[in-house]
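The following note sets out points for a colleague reading this structure at the bench. Please keep the sequence and the three-dimensional view at hand while going through them.

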Amino acid sequence: MAVIELINVSKRYRLSESVYVDALMEVNLSVERGEIVVVMGPSGSGKTTLLNIMGTLDKPTAGKVIVEGSDVTEMDEEDLTRFRLRRIGFVFQQYNLLQNLTALENVELPMLMSGLYSREEAETKARLLLELVGVGDRAGNKPTQLSGGQQQRVAVARAMGMDPSFIIMDEPTGAIDAVSAAQLLSIIRAINALGKTFIIATHNPDVARIGKRVVTLRNGKLSEGGSAEVRADAVDIRRAAAAYKRCLDIDLLVNKRIGASNEVDRIEAELSVISSIVGGD
Ligand SMILES: Nc1ncnc2c1ncn2[C@@H]1O[C@H](COP(=O)(O)OP(=O)(O)OP(=O)(O)O)[C@@H](O)[C@H]1O
C-alpha cells in the first residue's frame, strides 16, 4: 500500500506577473509502506520544495497529494495541521529541538500535544524511543548538553513519537561528523527493518546508499534512478525490535481507545511481523 502518492504535482513560484520559477514539473511518485526513498539532485533542483509538499507544509500549484488514501490538497489548514502532527514525522538538518526542554520532554511533546496519549504513555514511549536510538541514558539532558549526533538521534525519536505514516528527513547528516552520521544511518536502517517508511533528501552519496530506491530531481523533473545495496545492521535489531514492540503496544491501546480501526489493523499487522523478530518475547 502507498503511504504517499504524488500525482502530476507541479509547483510554480511566482515572483511577479511575468516572472516565475517552475520548481516542480508534473512529478509522479508513489512511496510504499516500508520503503526508504532517497531524493537526490543538485542545489536548486527542487528537493526542499518536494519535501515540503510531501510533508503537507506547502501545497502544489497543480496535481494531487494523497497520504494514506486522503487527498491532503483538499484539506483546510486546521485539518491539515492536525493530520500533519499525527501522521508525518520530520527530521531537519539542524535538529530543531526545543532548547529549554530535556531530550525526554522534546520526545514527549508531540504525543502530549496530540491529546491521544496519557502522560504515563507518552513518558514510557519517549523513554523506549530514546533507548531505541541509543540515547536512553541522556533523557534528562538539554540539547546543549548533547553532541550534534545525539541531538539528531533525539530528533529521530521525536519524529517516531506519533507512530507516523512516514518520516521525512532533509539532509539529516548535514550538520554532524562522519562517525555520528554512520551511527544515525545504522539506526535508520534498523527502524526501517522494523517497518517504518523514510523519505530522505540528501547530497551525500553515503546517505544515498541507504536507499533501496533513489529518485533524482533535475530542474524540477523527477526520474527514478539508481539503487544501492543495504548493508548489514550495526544496531542490535532484536533489542530495537523489543523496544519498538512496546511502543506499538501503547499505540494499539491508544488507537483502540479512539476507535481508529484502520490503524488498529495496521498496528496489529506490524506487531505480528515484529513479534517474529523479537522471538518468544
Ligand atoms: N519561496 C520561493 N519563492 C521563489 N522561488 C523559490 C522559493 N523557494 C524555492 N524557490 C526556487 O525553486 C527552485 C527549487 O528550490 P528548492 O529549495 O526546492 O531546491 P533544493 O533542491 O532543495 O536546493 P538545495 O539543495 O540548495 O537546498 C529554486 O530555483 C529556488 O530558487
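1. The shell around the ligand consists of 4 nonpolar residues, 7 polar residues and 1 charged residue. In this predicted model, the residues surrounding the ligand are Tyr13, Leu15, Val21, Ala23, Gly41, Ser43, Gly44, Ser45, Gly46, Lys47, Thr48 and Thr49. Helix H1 (47–54) gives the largest share of this shell, 3 residues. Strand E2 (20–32) is, like H1, a supplier of at least two residues of the shell.

2. Helix H1 also has a place in relation to a sheet. It lies across E3, strand E7 (166–170), E8 and strand E9 (213–218), and its direction makes an angle of about 155° with E7. The sheet in question is open, has 6 strands in the order E6-E7-E8-E3-E9-E10, and shows mixed pairing. At its edges stand strand E6 (88–91) and strand E10 (221–224), each of which pairs on one side only. From one strand to the next, the twist averages 20°.

3. One pairing within the 6-strand sheet may be examined in detail. Strand E3 (residues 36–40) runs parallel to strand E8 (residues 198–201), and 4 bridges connect them. Val39 has Ala201 of E8 as its bridge partner.

4. The model holds another open sheet, of 4 strands, with the order E2-E1-E4-E5 and antiparallel pairing. E2 and strand E5 (70–71) are its edge strands; each has a single partner strand, so one side of each has no neighbour in the sheet. Strand E2 thus deserves attention in two respects, since E2 is also among the elements that supply at least two residues of the ligand shell.

5. The pairings of the 4-strand sheet can be followed strand by strand. Strand E1 (residues 2–14) is joined to E2 by 9 bridges in the antiparallel sense, with Glu5 opposite Ser30 of E2. E1 also pairs with E4, again antiparallel, over 5 bridges; here Ile4 stands opposite Val67 in E4. E4 and E5 are antiparallel and share 2 bridges, and Ser70 of E5 is the bridge partner of Val67. Val67 therefore appears in two of these pairings, opposite Ile4 and as the partner of Ser70.

6. Which backbone angles should be checked in this region? Glu26, which is not a glycine, has a positive phi of about 45°. Glu26 lies in strand E2 and counts as partly exposed because 15 other C-beta atoms are within 10 Å. Glu68 likewise is a residue other than glycine with a positive phi, near 45°. Glu68 belongs to the loop between E4 and E5, where the hairpin has 2 residues between its strands. With 18 other C-beta atoms within 10 Å, Glu68 is also classed as partly exposed.

7. Where does Asp58 lie? Its place is in the loop between helix H1 (47–54) and strand E4 (62–67). Asp58 is partly exposed because it has 15 C-beta neighbours inside 10 Å. Leaving aside residues up to four places away in sequence, Asp58 touches Asn52 and Ile53. Thr73 is 15 residues from Asp58 along the chain, and the C-alpha atoms of the two are 9.3 Å apart.

8. Helix H8 (residues 237–257) merits a check of its length. Its 21 residues, at 1.5 Å a residue, should span 30 Å, and the separation of its end C-alpha atoms is 30 Å, which agrees. Just after H8, Gly259 adopts a positive phi of about 70°.

9. Which residues of H8 are buried? They are Ala240, Ala241, Tyr244, Cys247, Leu248, Ile250, Asp251, Val254 and Asn255. An α-helix has 3.6 residues a turn, so residues three or four places apart point the same way. The cover over the buried residues of H8 includes helix H4 (119–132), helix H6 (178–193) and helix H9 (261–278). A reader following the buried list should note that Asp251 and Asn255 are included in it.

Methods
Residues numbered from 1 in each chain as written. Predicted model: local features only at pLDDT ≥ 70, side-chain atom pairs only at ≥ 80, totals over all residues. Buried ≥ 20, exposed ≤ 12 C-beta atoms within 10 Å, placed from the backbone. Contact = placed C-beta atoms within 7 Å. Near = placed C-beta within 6 Å. Nonpolar A, V, L, I, M, F, W, Y, C, P; charged D, E, K, R; others polar. Expected span 1.5 Å × (residues − 1). Pairing = 2+ DSSP bridges. Axes fitted to C-alpha atoms, helices over the stretch in contact; angles between N-to-C directions.
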